[in-house]
Amino acid sequence: MSSSRDIEYAAKQLAEQLNEAVATGKPNEDIAQLLQRIKNELIWTKKLHESESGGALEFAIRTCATSPERSGDEQLTALVQTTIHTLYDQVREDDIRTTEARWWHTEPIPEGVGRITLEFRDATADHKTWTVKEIWPPESVEAAPSEPFDRVAQRFRVQANKKHRHPFLPSMHFDVVLKSGPATFESLGARELGNVLRDLANENFVPYVRNDEENNSEYLNSPARHFPLWERTLPPWCVTPDHWIEPVPPPGFVEHCDTPPALKEQYYKKIPTLNVYGSGRRIVPSAKKPDIISRALFVPVQDYGPTTTSIVALDHEADLVPRGEHLVPGKITLDAARALLGRVVQSSTEPRPDPDAPPAGKRRKVNKFVAQRLGFAWGLETGAEGEPSWLHCILHGLTPSEEYVLDLTGQGRDYDDWRSPIALRTIGCAWVGATVLPADVKAMKGEAGSGAATGSSDTPAGPMSGMETGHQGLSLDEWFKKTKKWIRVLNQKRKAPVVEVGPDGTFVGGDLEQSKGEDDEFEAEIAGAKPGIWLMSIEPIEPEDGGEDDAMGAEARLIRFSWVSDGTVNYDALPSRNSVRPAAARPDANWEEVGSFSVDSGTVCLFSKYALDALLATGTDRQAMLESLIDEDEGTKVFVPGGVVTTGNDGGYEVEGRRDAEGNIIELRLRL
């Protein structure tokens with residue numbers, strides 16, 4: 001097998017050959033032959049991917065077909081994409097293989113040597129400054145005194161983790177308590193076992209300390225992160241126990257659907273609860289608490305294409321639980337609490353004001369961003385009399401991981417010792433209830449067909465929700481009134497200026513004055529952007545020395561578009577600015593030019609094509625609608641439904657982008 005140094009050298013040579021072929025104008029057939037060699041011969045590993053030579057080769061692959069004379073060759077551009085996909089598939093498989101070996105592989109005990117049985121004893125509670133509730137029973141481990149200690153330590157880790165931890169997130173950080181004090185497993189790894197045993201108080205017992213507070217790095221390496229919840233596979237030793245209960249499905253759940261849902265229509269997937277692992281410590285087959293656990297979770301999803309499905313991004317500030325379905329702690333029956341299991345639940349630290357109640361003085365405004373949260377309810381802990389006590393949840397999101405509990409007694413208790421860095425967080429609860437989402441609204445109304453259900457603004461919807469149009473579309477006055485309201489909200493400081501990129505993954509930009517006519521097209525079209533929710537921003541920057549900004553005295557600005565998450569945008573229910581965080585780009589990701597255009601009128605624009613098309617489809621006069629967006633640019637109102645419109649200098653502009661590990665554009669920037 002080739003060494004990593006040999007593979008990196010081969011990658012460097014291939015990058016140089018590919019760059020030379022492009023620079024010297026070799027025919028496309030020669031470029032294609034090199035790409036085939038790269039795809040078929042080179043073994044891509046995570047280490048190569050993170051190396052300088054691997055990065056250089058990846059950049060050469062991405063740019064080899066971007067010149068005007070090559071970009072029209074569809075076969076070549078398709079080969080570039082398949083090569084990139086092959087690269088990332090191999091890197092992913094190598095990453096999974098390496099992590100699983102580190103977590104679960106054990107070496108056999110050598111033949112023909114004496115064997116002993118050691119008893120590993122949990123001493124964690126004696127070595128922490130906080131209360132430790134979880135104490136593992138003693139674990140017997142077979143070993144040979146002549147073995148390196150790290151082999152025996154790994155044997156213990158694998159045995160214990162299979163009993164007490166989730167296969168997607170085992171505990172990996174332990175200390176041995178020597179006579180001289182604790183020492184990490186790793187620091188003793190190369191020493192002979194017999195040598196280590198002589199440093200123990202009793203050579204037959206190995207006292208250990210479990211350092212779960214240091215396990216965050218393992219979460220980042222979990223192979224589960226490569227797969228959506230419904231595509232994860234559990235090992236044979238991790239099976240749902242028979243005593244876990246079957247949850248009550250939401251109204252909109254369909255077990256077997258004869259026709260697939262329409263694109264972007266919300267529906268539910270039923271997944272085993274064990275497909276979600278949280279901290280890795282509680283959602284396990286051996287769990288003793290909570291005493292009632294759901295076998296399955298109902299995950300709200302939507303399809304973006306035949307092979308693209310994503311968890312629906314829900315707005316936790318929206319009111320997703322009907323008032324009559326609020327359950328108030330201290331008054332919740334066991335049956336009502338059990339009915340929450342498996343569902344997405346919404347809770348709040350603040351009572352929701354009753355709109356029908358007479359005013360009782362000045363009403364205090366509730367900050368819903370802070371007060372409300374959404375989570376999957378997976379477990380219920382009961383009290384001494386069988387009453388509902390704690391509701392165990394895991395925060396709703398694209399990759400659910402954060403666990404928390406709700407106190408259903410109304411007594412204001414804390415679940416864990418607050419001093420513990422791994423304490424299960426207790427969230428205050430004034431009310432809790434199962435959410436009602438579009439699929440539920442549709443089912444309860446008995447609607448037929450595959451169109452999305454229409455409901456109140458409490459339910460998530462697409463980017464044009466609120467545009468109640470007939471076949472002919474809105475009049476210009478109606479369209480302008482609605483759009484102006486959205487522009488005003490998009491430019492408020494407390495709201496996040498977000499835009500939705502559709503399945504086409506396309507941005508368009510250029511001179512808006514020259515692109516507003518019925519038959520006009522935008523000069524720049526940027527493909528390959530990741531579908532979902534993107535955050536827009538515009539910020540001042542330092543002018544380039546001697547540039548046009550300096551000469552004209554204009555303020556240099558930078559427009560940014562950053563991918564946030566999968567999901568849809570509802571302009572009538574925009575998220576708060578503090579709740580939206582762009583996804584981090586790869587540290588080694590380079591900016592590359594992905595589009596360019598020129599401006600003669602001083603009006604610069606950059607749009608999500610999908611969002612702009614949806615906006616214009618609700619009216620009837622393209623030119624008048626786009627002109628109204630120009631009129632709205634007053635310096636402080638640069639964000640419009642679908643993108644950015646602002647003033648700029650005449651001349652040429654370059655749009656730069658950065659990509660994620662899958663090759664999708666997740667960031668754009670445009671200097672004004």
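**Salt bridges, cores and confidence in the predicted model**

A salt bridge joins the side chains of Glu134 and Arg210, with an N to O distance of 3.5 Å. This pair connects parts of the chain that are distant in sequence, 76 residues apart: Glu134 sits in the loop between strand E1 (116–122) and strand E2 (139–143), while Arg210 belongs to strand E5 (residues 205–210). The two partners can be told apart by their surroundings. Glu134 is partly exposed, at a relative accessible area of 26%, whereas Arg210 is buried, at 4% relative accessibility. The pair also belongs to a network of salt bridges that links Asp122, Glu134, Arg165, Arg210 and Asp212. All of this is read from a predicted model, and the salt bridges in it come to 40 by the rule applied here.

Two further pairs help to fill in the picture. Lys270 and Glu246 meet through their side chains in a salt bridge of 2.4 Å, N to O. Lys270 lies in strand E6 (residues 267–272) and Glu246 in the loop between helix H10 (216–221) and E6, so this salt bridge ties together parts that are 24 residues apart in sequence. Both ends are partly exposed, with relative accessibilities of 35% for Lys270 and 47% for Glu246. In the other pair, the side chains of Arg419 and Asp417 form a salt bridge at 2.6 Å, N to O. Here Arg419 is partly exposed at 44% relative accessibility, but Asp417 is buried, its relative accessible area being 15%. In general, side chains of opposite charge can pair when their charged atoms come close.

Attention now turns to the nonpolar interior. The largest nonpolar core holds 56 residues, of which Trp534, Phe561 and Phe607 touch the most other members. Helix H14 (residues 476–490) supplies the largest share of this core, with 5 residues. For Phe561, the contacts beyond four places in sequence are with Val499, Phe507, Trp534, Leu535, Met536, Leu606, Gly643, Val644, Ile666, Glu667 and Leu668. A second core, separate from that one, has 29 residues, among them Ile283, Ala287, Val344 and Leu437. As a rule, nonpolar side chains in soluble globular proteins tend to be buried together.

One of the residues touched by Phe561 is Glu667, and the side chain of Glu667 also makes a polar contact of 2.9 Å with that of Arg658. Arg658 is part of strand E25 (residues 651–659). This arginine counts as buried because its relative accessibility, 18%, falls under the 20% cut-off.

Ile533 offers another view of how strands and sequence-distant segments meet. This residue lies in strand E19 (residues 532–540) and is buried, at 11% relative accessibility. Leaving aside residues up to four places away in sequence, Ile533 touches Ala313, Val498, Val499, Ser562, Trp563, Val564, Ser565, Asp566, Gly567, Thr568 and Val569. For Val569, 36 residues away in sequence, the C-alpha to C-alpha distance from Ile533 is 6.7 Å.

The helices toward the N terminus can be described through H6 and Lys26. Helix H6 (residues 74–104) has 31 residues, which at 1.5 Å a residue should span 45 Å; the 44 Å between its end C-alpha atoms agrees with that expectation. Where H6 starts, a side-chain oxygen of Asp73 comes to within 3.1 Å of the backbone nitrogen of Gln75. Lys26 is found in the loop between helix H1 (4–23) and helix H2 (28–41), where its relative accessibility of 37% makes it partly exposed. Beyond four places in sequence, Lys26 touches Ala21, Ile31 and Arg70. Its C-alpha atom is 55 Å from that of Phe298, a residue 272 places away along the chain.

A word on confidence completes the description. The mean pLDDT of the protein is 86, with 90% of residues at 70 or more. Strand E7 (residues 292–293) has the highest confidence, at 98, and helix H15 (residues 548–552) the lowest, at a mean of 44. Over residues 547–553 the pLDDT is below 50, and the model gives this stretch 12 contacts beyond near neighbours in sequence. Residues 447–462 likewise stay under 50, with 36 contacts beyond four places in sequence. Where pLDDT is low, the predicted coordinates should not be read in detail.

Methods. Residues numbered from 1 in each chain as written. Predicted model: local features only at pLDDT ≥ 70, side-chain atom pairs only at ≥ 80, totals over all residues. Heavy atoms only, no water. pLDDT = per-residue confidence, 0-100. Helix = DSSP H or I, 4+ residues; strand = E, 2+ residues; numbered from the N terminus. Contact = heavy atoms within 4.5 Å. Core = buried A, V, L, I, M, F, W, Y, C linked by side-chain atoms within 4.5 Å. Buried < 20%, exposed > 50% of the residue type's maximum accessible area, 1.4 Å probe, protein only. Salt bridge = Lys/Arg side-chain N within 4 Å of Asp/Glu carboxyl O. Expected span 1.5 Å × (residues − 1). Polar contact = N/O pair within 3.5 Å; in protein donor to acceptor, adjacent residues only side chain to side chain.
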